[in-house]
Amino acid sequence: MSSKALILVGGGTRGTRFRPLSLDIPKVLFPVAGRPILSHALSALTTVPTIKEVLLVGFYDDAIFKDFLADAAKEFPQFTIKYLREYTALGTAGGLYHFRDVILKGNPDKFFVLHADVCCSFPLKEMLHMAEEKAAKAVILGIRVPTQVASNFGCIVADPATKKVVHYVEKPETHISNLINGGVYLFDKSIFTTIREARDARHEAAVASPIGEEGGEILRLEQDILTRLSQDDGFFVYETRDFWRQIKTAGSAVPANALYLQKLFQLDPDAPNLAKASATILPPVYIDPTAIVSPTAKLGPNVSIGPHAKIGAGARIKESIVLDDTEVRPGACVLYSILARGVKVGNWARVEGTPTPPADHLSTVVKNGARVHTVTILAQDVVVGDEVRCQNCVVLPHKEIKTDVENEVIM
Ligand code: GDD
């Protein structure tokens with residue numbers, strides 16, 4: 001049996017909710033738990049030995065992935081990894097259909113499609129097993145979420161006994177199910193017949209009623225294909241009870257960082273670059289070997305410290321991502337925050353967000369009657385002055401914060 005994998009990476013005109021961090025680096029290459037988001041998906045694909053080829057499909061400029069592809073070729077020698085660029089955003093199924101000859105080359109029995117922006121344990125072997133057991137045409141990863149957030153996702157209604165998907169609605173207006181689309185699929189090649197049928201139906205509808213119909217090759221896997229598949233017999237859901245989180249907004253990188261670090265620590269507490277537990281290290285904490293951390297700084301849990309960062313004496317960092325070349329000066333405190341490249345946090349300054357349980361899938365909270373970001377984000381080269389407090393703020397690149405700020409977007 002042979003299989004392949006596709007990762008939908010999107011493109012520069014999307015990912016606006018990941019701003020201001022995506023101004024500096026494309027979302028899928030943003031480091032979470034010390035590695036680009038995409039590398040976590042590639043690692044998961046290594047658990048399926050029949051996968052020999054991984055295709056990244058998106059509409060970013062080719063140059064964006066040049067260095068990543070060179071590094072990935074060394075880290076994942078078992079794969080041939082290619083970037084396939086859509087000439088424009090073709091939608092989550094449009095790219096699949098456009099590159100069908102490349103995907104079908106070598107005649108794979110099945111192929112995985114992964115959204116690049118989900119953080120989870122990727123139970124790929126379990127999905128393959130289900131596909132074989134049920135002789136399925138398609139298997140989708142399902143996850144249960146609280147009722148109040150379910151309609152932000154694609155909702156699945158499945159037969160509880162057989163796990164056959166009987167109904168699928170993308171982001172419904174009323175509640176239909178807590179079981180949502182986790183952004184990971186396993187298809188066989190009959191998916192291309194379903195896509196062709198959906199495309200033909202769209203064209204016919206556009207001819208009958210030209211106003212308001214999207215033309216061209218844009219096809220949405222969710223609205224155009226999954227809804228159609230749910231009327232078929234061969235569509236099943238594999239429900240995971242393990243962790244899952246969408247990495248949509250910039251703030252959602254903080255819970256994703258925590259989930260990946262916890263999983264890594266659980267699998268191998270002695271993994272390279274995970275700091276050993278001590279009076280000043282509350283695991284899991286990832287520290288890049290080139291970072292300089294004072295022995296009196298207290299870090300963790302759920303902290304990643306990037307290359308060449310400098311963490312001063314007595315600093316306190318918790319539930320945060322600290323990127324390359326940042327400086328956290330002595331006595332400063334960084335909680336529930338992201339410090340992008342080159343940020344400087346002054347002596348005894350305080351940068352903080354608000355904790356929310358990851359299972360709530362929220363990236364905003366209501367404080368004093370206003371909806372604010374849970375995570376404080378300091379974009380590239382922001383400077384926070386000595387003893388200044390910056391709470392629940394998003395600060396755009398190169399700003400200097402000289403006085404206390406709270407619940408603001410500083411442009
Ligand atoms: N190649 C390509 N081309 N990729 C795309 C395109 C496109 O035109 N549009 C989006 N993507 C990629 C994104 O980069 C992301 O990895 C994935 O497809 C889904 O992105 P969105 O289309 O923005 O959908 P969403 O995140 O709001 O919701 C989707 O994901 C949820 C799970 O995270 C839906 O599939 C939901 O049903 C699902 O619950």
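So, a salt bridge here is a side-chain nitrogen of Lys or Arg within 4 Å of a carboxyl oxygen of Asp or Glu. Keep that in mind for the first pair, Glu 53 and Lys 4, whose closest N and O atoms are 2.6 Å apart, so the pair makes the cut. And before I go on: what you have in front of you is a predicted model.

Okay, where do those two sit? Glu 53 is in strand 4, residues 51-58, and Lys 4 is in strand 1, residues 3-10, so this bridge ties together parts that are 49 residues apart in sequence. Now, are these charged residues buried or exposed? Glu 53 has a relative accessible area of 13%, so it counts as buried. Lys 4 comes out at 6%, so Lys 4 is buried as well. There is also a third member to mention: Lys 4, Glu 53 and Lys 82 are joined into one network by salt bridges that share partners.

The whole structure has 20 salt bridges, by the way. I'll show you two others. Lys 27 and Asp 117 meet through their side chains, 3.2 Å from N to O. Both are in loops: Lys 27 in the one between strand 1 and strand 2 (31-32), Asp 117 in the one between strand 6 (110-115) and strand 7 (118-120), so here the parts being tied together are 90 residues apart in sequence. Lys 27 is at 9% relative accessibility, so call it buried. Asp 117 is buried too, with a relative accessible area of 13%.

The other one is Arg 220 with Asp 224, a salt bridge at 3.4 Å, N to O. Arg 220 is partly exposed, at 29% relative accessible area, while Asp 224 is buried at 10%.

Asp 224 takes us to helix 8, residues 221-229. Which residues are buried in that helix? They are Leu 221, Glu 222, Asp 224, Ile 225, Leu 226 and Leu 229. And what do the buried residues of helix 8 pack against? Quite a list: strand 6, strand 8 (138-144), strand 10 (165-170), strand 11 (179-188), helix 7 (191-208) and strand 12 (235-239).

Let me go back towards the N terminus for a nonpolar example. Leu 42 is in helix 1, residues 37-45. Its relative accessibility is 0%, so it counts as buried. Which residues does Leu 42 contact, once you leave aside neighbours within four places in sequence? You get Ile 7, Val 54, Phe 68, Ala 72, Phe 76, Phe 79 and Ile 81. Take Phe 76 as one of those: it is 34 residues from Leu 42 in sequence, yet the C-alpha atoms are 7.8 Å apart in space.

Right, zooming out to the domains. The chain splits into domain 1 (3-246) and domain 2 (272-410). Their centres, taken over C-alpha atoms, are 32 Å apart. On the contact itself, 13 residues come from domain 1 and 20 from domain 2. The area buried between the two is about 1300 Å², with carbon and sulfur atoms giving 68% of it. Which residues in domain 1 lose the most area to domain 2? Pro 20, Asp 24 and Arg 245 do, and together they account for 37% of what that side buries. By class, the domain 1 side has 10 nonpolar residues, one polar and two charged.

And how many salt bridges run between domain 1 and domain 2? Zero. The count of residue pairs in polar contact between them, taking both at pLDDT 80 or more, is zero as well.

Last stop, two side chains in domain 2. Thr 326 is in the loop between strand 20 (320-322) and strand 21 (327-328). With a relative accessible area of 2%, Thr 326 is buried. A polar atom of its side chain lies 2.8 Å from the backbone oxygen of Leu 323. Beyond residues up to four places away in sequence, Thr 326 touches His 308, Ala 309, Lys 310, Leu 339, Ala 340, Arg 341, Gly 342 and Val 343.

Then there's Ser 337, in strand 23, residues 337-339. It is at 0% relative accessibility, so it counts as buried. Here a side-chain polar atom lies 2.7 Å from the backbone oxygen of Leu 335. Contacts of Ser 337 outside its sequence neighbours within four places include Val 254, Glu 319, Ile 321, Val 351 and Val 375.

That's my tour, thanks.

Note on methods: Residues are numbered from 1 along each chain as its sequence is written. This is a predicted model: local features need pLDDT of at least 70, side-chain atom pairs count only at pLDDT 80 or more; totals for chains, interfaces and linings use all residues. Side-chain values use heavy atoms; hydrogens and water are left out. Helices (H or I, at least four residues) and strands (E, at least two) are DSSP runs, numbered from the N terminus. Buried means under 20% relative accessible area, exposed over 50%, partly exposed in between (1.4 Å probe, protein chains only). Contact means heavy atoms within 4.5 Å. Domain bounds come from an automatic or database domain assignment. Buried area is the accessible area (1.4 Å probe) that two parts lose on being put together, summed over both. A polar contact is a pair of N or O atoms within 3.5 Å; within protein, one must be able to donate a hydrogen and the other to accept it, and residues adjacent in sequence count only if both atoms are side-chain atoms. Ala, Val, Leu, Ile, Met, Phe, Trp, Tyr, Cys and Pro count as nonpolar, Asp, Glu, Lys and Arg as charged, and the others, Gly among them, as polar.
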